[in-house]
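Here are some questions and answers on how charged side chains pair and how the interior is built.

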Amino acid sequence: MKSTDRRPILLTITALVVLADRLSKAWVVRHIPEDTTIPVWDHIFRLSHVRNPGAAFSLFTDSTHPAPTHNLLAGFSIVAGLAVLIILLRIGRHFSATALALALILGGTIGNVWDRLRYGMVTDFLEVHIVHYHWPDFNVADSCIVIGGILLVLDAMRPRHPDAQS
């Protein structure tokens with residue numbers, strides 16, 4: 001029995017991540033003034049509007065050479081996104097945790113590259129405080145990349161049976 005190709009479903013997941021990311025960022029830009037926060041859960045979670053010219057977790061934000069840094073980050077993201085897409089297309093015939101992880105990572109990458117190419121920076125809007133720790137502001141795309149990464153690690157740690165097909 002031949003299995004159904006799951007790549008269209010996985011690419012739909014990628015598209016839904018991009019759509020959720022674009023819609024959420026557009027809402028934030030329209031409804032929350034830049035550098036403003038809205039408390040959702042006191043001392044734990046706030047909606048914010050922060051423009052991040054750097055990489056994940058605001059790395060390279062204070063670069064002394066912003067234009068080359070922007071180009072390097074955009075270029076790296078495009079190359080990484082293409083690599084993820086190629087791997088997803090190769091392994092995506094069958095649904096697996098790895099394939100789902102790659103679909104989430106690809107959607108997140110596209111969402112952030114879109115911002116970086118169109119606006120020169122990424123819009124972040126989710127702010128979390130846990131006790132005295134302040135997590136750097138992030139967005140839907142970042143969340144999907146992290147969830148995808150966690151899925152990859154968990155799937156890699158899962159015991160495999162020698163006779164099982166992946």
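Q: With which residue does Asp5 form a salt bridge?
A: This is a predicted model, in which local features need pLDDT of at least 70, side-chain atom pairs count only at pLDDT 80 or more, and totals for chains, interfaces and linings use all residues. Residues are numbered from 1 along each chain as its sequence is written, and side-chain values use heavy atoms, with hydrogens and water left out. A salt bridge here is a side-chain nitrogen of Lys or Arg within 4 Å of a carboxyl oxygen of Asp or Glu. The closest N and O atoms are 3.8 Å apart, and the partner of Asp5 is Arg93.

Q: Is Asp115, the salt-bridge partner of Arg22, buried or exposed?
A: The side chains of Arg22 and Asp115 meet at 2.6 Å, N to O. Arg22 lies in helix α1 and Asp115 in helix α3 (helices being DSSP runs of H or I, at least four residues, numbered from the N terminus), so the pair ties together parts 93 residues apart in sequence. Buried means under 20% relative accessible area, exposed over 50% and partly exposed in between, with a 1.4 Å probe and protein chains only. At 1% relative accessibility, Asp115 counts as buried.

Q: Which helix supplies the largest share of the largest nonpolar core?
A: A nonpolar core is a set of buried Ala, Val, Leu, Ile, Met, Phe, Trp, Tyr and Cys residues joined through side-chain atoms within 4.5 Å. The largest one has 12 residues, including Leu10, Leu88 and Ala103. Helices α1, α2 and α3 each supply at least two residues of this core, but the largest share, 6 residues, comes from α3.
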